Amino acid sequence: MSPVGGARGCFYCDITMDFKNYNSQRKKLVLPEYGRHIHDMVAGLRQIKDRDLRTNQAHAVIGVMGNLNTHLRDTVDFRHKLWDHLFIMAGFDLDVDSPYPIPSEETLTYSPSKISYPRRDFAHKQYGRNIRAVIDAVVEIEDAEERDAVAVDIAKFMKLKAFEYDDEYPSNEVILEDMARFSNGVLSLDEESLSGTKLYRQAKQLPKNSNNRKKQNNKKTVYRNNNVKKR
């Protein structure tokens with residue numbers, strides 16, 4: 001290094017500024033939660049030629065790794081996880097005596113199988129996602145009258161959901177056509193059934209209701225006869 005002359009000159013201007021070491025220029029950390037010092041320790045283990053000394057130093061590094069994660073010491077297989085992490089940071093290339101089976105890169109870095117996304121026909125979003133499953137369940141009902149009665153409720157539900165979707169009630173004809181298409185023609189209703197004047201009229205004419213009405217009428221006639229006798 002030769003000084004540069006002149007009163008205002010810079011001395012030692014030929015010194016190269018290469019002492020700065022930025023993280024962006026360093027090697028990427030495999031497990032960043034342990035920090036760079038632990039990674040340097042693990043890298044130093046691979047430089048030790050004596051196997052017994054290397055194993056002792058590996059146990060020491062495991063102790064330091066455990067001190068960094070004291071809140072996990074009560075978890076199951078805590079030390080086993082530390083040894084696995086040690087081999088991961090060493091790139092699965094560390095010859096030491098481990099108290100646990102030495103893992104391989106294939107067992108720890110496996111990729112899960114791809115799960116196919118269930119694709120369904122969403123051409124009629126206004127009715128909701130589950131309307132097809134509901135209609136398929138109703139089709140399995142053997143009693144025709146019961147099946148049609150439930151179909152009426154489903155049709156009204158479809159009409160309500162369609163209104164919630166676009167603030168407009170669809171016509172009964174559209175609802176009935178969609179229901180027949182979803183059920184492959186099994187649920188085939190008419191507009192009279194959907195309006196509630198056919199099936200619900202039959203549902204009201206049950207034997208229980210007729211018996212109750214007969215009892216009420218009998219009570220009225222008895223009450224009237226008693227009043228006539230008193231008079």
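Start with the two helices that share the largest pocket: select α1 and α3, since each supplies at least two residues of its lining. Keep in mind that you're looking at a predicted model.

Now colour α1 on its own. The largest share of the pocket lining, five residues, comes from this helix. Widen the selection to the full lining and you'll have 14 residues on screen. To find the middle of the pocket, show Lys27, Val30, His39, Ala43 and Met89 as sticks; these lie nearest its centre. If you draw a surface here, the volume to expect is about 240 Å³.

Next stop: α2, residues 51-67. Put a distance between the C-alpha atoms of its first and last residues and you should read 25 Å, close to the 24 Å expected for 17 residues at 1.5 Å a residue.

Which residues of α2 are buried? Pick Arg54, Thr55, Ala58, Val61, Ile62, Met65 and Gly66. Turn the view until you look straight down the axis of α2: these buried residues fall within an arc of 140 degrees, so they line one face of the helix. What do the buried residues of α2 pack against? Bring back α1 (35-45) and α3 (78-89), because that is where the contacts are.

Flip α2 around to the face turned away from its buried side, and select the exposed residues there: Asp52, Asn56 and Asn67.

Last, zoom in on the start of α2. Show the side chain of Asp50 and the backbone of Asp52: a side-chain oxygen of Asp50 comes to within 3.4 Å of the backbone nitrogen of Asp52.

Notes:
Residues numbered from 1 in each chain as written. Predicted model: local features only at pLDDT ≥ 70, side-chain atom pairs only at ≥ 80, totals over all residues. Heavy atoms only, no water. Helix = DSSP H or I, 4+ residues; strand = E, 2+ residues; numbered from the N terminus. Expected span 1.5 Å × (residues − 1). Buried < 20%, exposed > 50% of the residue type's maximum accessible area, 1.4 Å probe, protein only. Arc of directions from axis to C-beta. Contact = heavy atoms within 4.5 Å. Polar contact = N/O pair within 3.5 Å; in protein donor to acceptor, adjacent residues only side chain to side chain. 1 Å grid on protein atoms, 1.4 Å probe; cavity = no way out; pocket = protein on both sides within 12 Å on 5 of 7 lines; lining within 4 Å. Points joined across faces, edges and corners; volume = space filled by probe spheres on them.
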